[in-house]
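Visitor: I would like to learn how to read a few features of a structure, one at a time. Could you take me through them, giving the general idea before the particular case?

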Amino acid sequence: MSKNIDSVLNENRVFPPSEAFTARAALRTPEEYARLHRWSVEQPEAFWAEQAEGLDWFRKWDRVRNWDNPPFAKWFEGGRINAAFNCLDRHLAERGDKVAIQWEGEPGTAEDRRALTYRDLHREVCVFANVLKARGVGKGDTVAIYMPLVPELAIAMLACARIGAVHSIIFGGFSAPALVDRITDASSKVVVTADGGWRRGQVVPLKHIVDDALKNTPTVTSCIVLKRTGQAVEMVPGRDVWWDAATAGVSSECPAEELDAEHPLFILYTSGSTGKPKGILHTTGGYLLGAQLTTRYVFDLRHEDVYWCTADIGWVTGHSYVVYGPLANGATVLMYEGAPNYPGPDRFWEIVARYKVSIFYTAPTAIRAFIKWGDAEPAKHDLSSLRVLGSVGEPINPEAWMWYHRVIGGERCPIVDTWWQTETGSIAITPLPGITPTKPGSATFPFFGIDAAVVDDKGNELPNGQGGFLVIRQPWPSMLRTLWGDDERFRDVYWKRFAEQGYYLAGDGAVRDQDGYFWILGRIDDVLNVSGHRLSTMEVESALVGHDAVVEAAVVGFNHEIKGEGVAAFVTLGVGAVKTDALKDLLKRHVRDTIGAIAAPDQIHFTDSLPKTRSGKIMRRLLRDVANGVESKGDMSTLEDLNILAKLREEED
Ligand code: PRX
C-alpha cells in the first residue's frame with residue numbers, strides 16, 4: 001500500500017471547473033459545499049428532512065433517523081412513499097410527454113430505437129405491475145429479473161416497486177449456478193427474463209440459462225419471457241409465459257402502494273470475501289432520496305440534459321444512475337443495450353452525437369479500452385453536446401483521467417470521479433462539478449451526509465498523508481439495511497472491526513493528501529475489482545475446486561491493462577490429471593459456466609503445491625508477485641518450502 005500512497009500523493013495537477021460551468025451550476029462555491037456538508041453531518045436530521053421534501057410522500061415521516069439499535073438504521077419512520085410513483089406519476093402533469101427512456105438496441109435497426117415518454121413508461125409499468133399481481137406477486141415477495149439492457153428491464157423493476165414487491169436483479173452475464181444461488185437465497189417466486197440479449201453481435205441465450213437454473217429452484221412458480229432476439233426457446237406450460245401474451249389486454253390502472261419508508265425496495269447480490277454472495281438490502285425512502293439527490297448535484301442535472309450512464313442495470317450503478325436517480329429527477333435517460341465496440345469501436349461516440357448526450361457516466365475499464373482503440377474513433381463524431389463526465393467502479397489511473405478530460409471532454413467538461421459501493425446505495429465521495437477543483441485519480445470529498453474518514457486499526461483518524469481504512473462514521477439514508485436473511489454477517493463484515501466507535505467499514509484503503517482530498521487505494525480484503533466489478537477470490541477458488549481435475553486452488557489479482565485487475569489462478573491437480581493447455585482452457589470455461597464470464601481466469605498456473613506458511617496459510621502476496629511477473633521482496637521467513645516459489649517462476653519461463 002505504501003507504494004500506492006507515494007504514487008497518488010505525487011499527483012499535483014489540479015483542474016478547477018471553468019467559470020462558464022460554475023456560473024450555471026446548481027452549487028457554485030466551496031463555501032456552499034463546506035456549509036452544506038457541515039450541516040449535513042452535524043445536524044443530519046434537519047438536513048435530511050429538508051432534502052426529503054424533494055420527494056413526494058403519501059404521508060410525512062414521524063422521525064427522520066433512528067440509530068437507536070446500531071448497526072440497524074431506520075430513516076423516515078412513519079413516512080409512506082412509493083419509488084415508482086416518485087419516478088413516474090409525479091412527473092406526468094408537468095412533463096408527461098418528455099422522453100424518459102431513449103433506448104437503442106445493439107443491432108441498431110430502426111425498430112431498435114425507442115423513445116418512451118414518462119406517460120408511456122407509466123402506462124407500461126402499471127400494466128406489468130398488474131401482470132405480476134395476477135401471477136401471485138404481492139407486497140414483500142421477491143422477483144428475480146435476468147434481462148438484457150432493454151426498457152422492459154426498467155419497466156419490470158418499477159412495476160415491482162409500484163406494488164411493493166422486492167426486485168432482485170441478476171446481471172445477464174451470470175451463469176445458471178449463480179442464478180440458482182441468488183434465486184434460492186431470495187426465495188424468488190417469479191423470474192422475468194428474455195429469450196436472449198445482444199452482445200457483440202451474438203445472442204446471449206438468457207432463457208436457456210434460466211431453464212437450466214430453474215431445475216434447481218423450487219420457489220419459482222412463474223417465468224415471464226420477453227421476446228427480444230427471436231431465436232427458438234422452450235416454454236414450460238403452466239410456468240412460462242411470453243411478456244406480450246401476459247400483458248395483452250391488461251389494465252393500465254394500478255395505483256401505487258403506499259409503502260413504509262423502510263419497506264424493502266430491492267436486493268442486489270455482490271461478492272464478499274467468502275464464497276457466498278451477499279444480498280445487499282436497500283429500502284425505499286432513504287435509498288430513493290440518496291439516488292435522487294446525488295444524481296441532481298453530482299451531475300448538475302438540468303431538465304434539458306440527455307443523461308447516459310453506461311452501466312448495466314444488473315449492477316448497482318444501473319439501479320441508482322440508470323433508473324431510480326435520473327427518473328426520480330424527471331430526466332431523459334439514454335439506454336444502450338450492447339457492447340461499446342459493436343459494430344465498430346466508435347459506437348458510444350456515435351450514440352453521444354446522435355442523441356446529443358450531455359452527461360456521460362462510465363467506468364475506467366471502458367476508458368482504458370477507448371484509449372487502446374485510438375483517438376481517431378471519438379474524433380469521427382461531434383461530442384460538443386457533452387458537459388459533465390463521470391467515472392465509477394475503481395480508482396481511475398491519472399493517464400486514463402487525462403485522456404478522458406482531453407479527448408472526450410474537450411478540456412471543457414468537469415470529471416466527477418465517484419466513489420461508492422453497492423452498500424452505500426448512492427455516490428458517497430465525489431467532486432461537485434461546479435465547485436471542486438479536481439485532481440486526476442482522486443474522488444476528492446464526501447457528499448452531503450457522508451461522514452467519511454481515514455482511520456488506523458484502532459479507529460483513530462489519521463493525519464493527511466497516512467494511509468488507512470476508509471470508514472463512514474455515521475449512518476446515511478441510502479445505506480444498506482442488512483444482508484438479506486443474515487443480520488449476523490451484516491454485523492461481522494461492516495461493523496465488527498470498529499464496533500466501539502460504531503463506524504461503517506467500507507473495505508477499501510484510502511489516504512487523504514495535504515489538501516484533504518480522498519484517494520482510494522483499493523480493497524483491503526480478498527475481493528478483486530475486475531473491470532469495475534467485484535469478485536471474491538474465494539468464489540473463483542471454489543468454482544475451480546469444483547472441477548474433478550483440481551484439488552487445490554488459490555486465486556489472486558494482477559495488474560491488467562484494460563480490466564484494472566485480472567484473475568490469476570494457481571491450481572494443484574489431482575492424480576491422473578495432466579498439465580496441458582487444453583486443461584487450462586477447460587478450467588477457464590468451467591469458471592465461466594459456474595459464475596460467469598467476468599470470473600474466467602486470465603492466467604492459470606499449474607503447480608504441485610502452493611506457497612504456504614508453516615501454519616498452512618497460502619501466501620497470496622507471493623502469488624501476486626508471480627502473476628505480476630515481479631520479484632518478491634519482503635519477509636519470506638514464514639514460507640514453509642522456498643522451492644515452491646522458484647518452481648513457480650521456472651514454469652513461467
Ligand atoms: O473498491 C471500491 C471500488 O468498487 C467497490 C464497490 O464495488 P461495487 O459495490 O461493485 O460498486 C461499484 C460501483 C459503485 C469499492 O469498495 N470503487 C468504486 N468506485 C470507485 C472505486 N474505487 C476507487 N474510485 C472509485 N471512484
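Visitor: Where in the chain is Pro343 placed, and what is the geometry of the peptide bond from Tyr342 to Pro343?

Guide: The general idea is that most peptide bonds are trans. In this model, which is a predicted one, Pro343 sits in the loop that runs between β17 (332–336) and α13 (347–355), and the peptide bond leading to Pro343 from Tyr342 is cis, with omega near -5 degrees. A cis peptide bond also joins Pro70 and Pro71, where omega is about 5 degrees, and Pro71 is likewise a loop residue, placed between β1 (63–66) and β2 (74–77).

Visitor: Backbone torsions can be read through phi as well, so what is the phi of Arg200, and what is that of Ser187?

Guide: Here the general idea is that most residues other than glycine have a negative phi. Arg200 has a positive phi near 50 degrees without being a glycine, and its place is the loop between β9 (197–199) and β10 (202–204). Ser187, also not a glycine, has a positive phi of about 50 degrees, and Ser187 is found in the loop between α8 (176–186) and β8 (190–194).

Visitor: How is the accessibility of Arg200 classed, and how is that of Ser187 classed?

Guide: A residue is called partly exposed when its relative accessible area lies between the 20% limit for buried and the 50% limit for exposed. Arg200 counts as partly exposed because its relative accessibility is 43%, and Ser187 is put in the partly exposed class because its value is 41%.

Visitor: Is Ser632 buried or exposed, and with which side chains does the side chain of Ser632 make polar contacts?

Guide: The class is read from the relative accessible area, with buried meaning under 20%. Ser632 counts as buried because its relative accessibility is 14%, and the residue lies in the loop between α20 (620–628) and α21 (642–652). The side chain of Ser632 makes a polar contact with the side chain of Asp625 at 2.9 Å, and another with the side chain of Arg649 at 3.1 Å.

Visitor: Is Tyr517 buried or exposed, and how far apart are Tyr517 and Phe445 in sequence and in space?

Guide: Separation along the chain and separation in space are read side by side. Tyr517 is found in the loop between β24 (504–512) and β25, and it counts as buried because its relative accessibility is 6%. Although 72 residues separate Tyr517 from Phe445 in sequence, their C-alpha atoms are 6.0 Å apart in space.

Visitor: How many residues surround the ligand, and which are the closest?

Guide: One reads a binding site by listing its shell and then looking at particular atom pairs. The ligand is surrounded by 16 residues, the closest being Asp417, Thr418, Thr422, Asp508 and Arg534; by class, this shell has 5 nonpolar, 6 polar and 5 charged residues. Strands β20 (415–418) and β25 (518–523) each supply at least two residues of the shell.

Visitor: Which side chains have polar atoms paired with atoms of the ligand?

Guide: Among them is Asp417, with a side-chain N or O atom that lies 2.8 Å from a nitrogen atom of the ligand. A polar side-chain atom of Asp508 is 2.8 Å from an oxygen atom of the ligand, while a polar side-chain atom of Gln421 lies 2.9 Å from an oxygen atom of the ligand. Taken alone, the ligand exposes 540 Å², and the protein buries 96% of that area.

Visitor: How many cavities of 30 Å³ or more are there, and what is the volume of the largest?

Guide: A cavity is a space where the probe fits but cannot get out, whereas a pocket is open. The count comes to 4 cavities of 30 Å³ or more, and the largest cavity has a volume of about 70 Å³. Its lining consists of 13 residues, with Trp48, Gly290, Ser426, Phe448 and Ser478 nearest the centre; helix α11 (residues 284–298) gives the most to this lining, with 3 residues. By class, the lining has 9 nonpolar, 4 polar and no charged residues.

Visitor: Which residues lie nearest the centre of the second largest pocket, and how many line it?

Guide: The second largest pocket, with about 270 Å³ of space, is lined by 15 residues, and nearest its centre are Ser273, Asp492, Val493, Leu505 and Asp525. The largest share of this lining, 4 residues, comes from α17, and the lining divides into 5 nonpolar, 4 polar and 6 charged residues.

Notes: Residues are numbered from 1 along each chain as its sequence is written. This is a predicted model: local features need pLDDT of at least 70, side-chain atom pairs count only at pLDDT 80 or more; totals for chains, interfaces and linings use all residues. Side-chain values use heavy atoms; hydrogens and water are left out. A residue is near a molecule or strand if one of its heavy atoms lies within 4 Å of it. A polar contact is a pair of N or O atoms within 3.5 Å; within protein, one must be able to donate a hydrogen and the other to accept it, and residues adjacent in sequence count only if both atoms are side-chain atoms. Accessible areas come from the Shrake-Rupley method with a 1.4 Å probe; for residues, only the protein chains shown count as cover. Ala, Val, Leu, Ile, Met, Phe, Trp, Tyr, Cys and Pro count as nonpolar, Asp, Glu, Lys and Arg as charged, and the others, Gly among them, as polar. On a 1 Å grid over the protein atoms alone, a cavity is a set of points where a 1.4 Å probe fits but cannot get out, and a pocket is an open set with protein on both sides within 12 Å along at least five of seven lines; lining residues have an atom within 4 Å of a point. Grid points are joined across faces, edges and corners, and a volume is the space filled by probe spheres set on the points. Buried means under 20% relative accessible area, exposed over 50%, partly exposed in between (1.4 Å probe, protein chains only).
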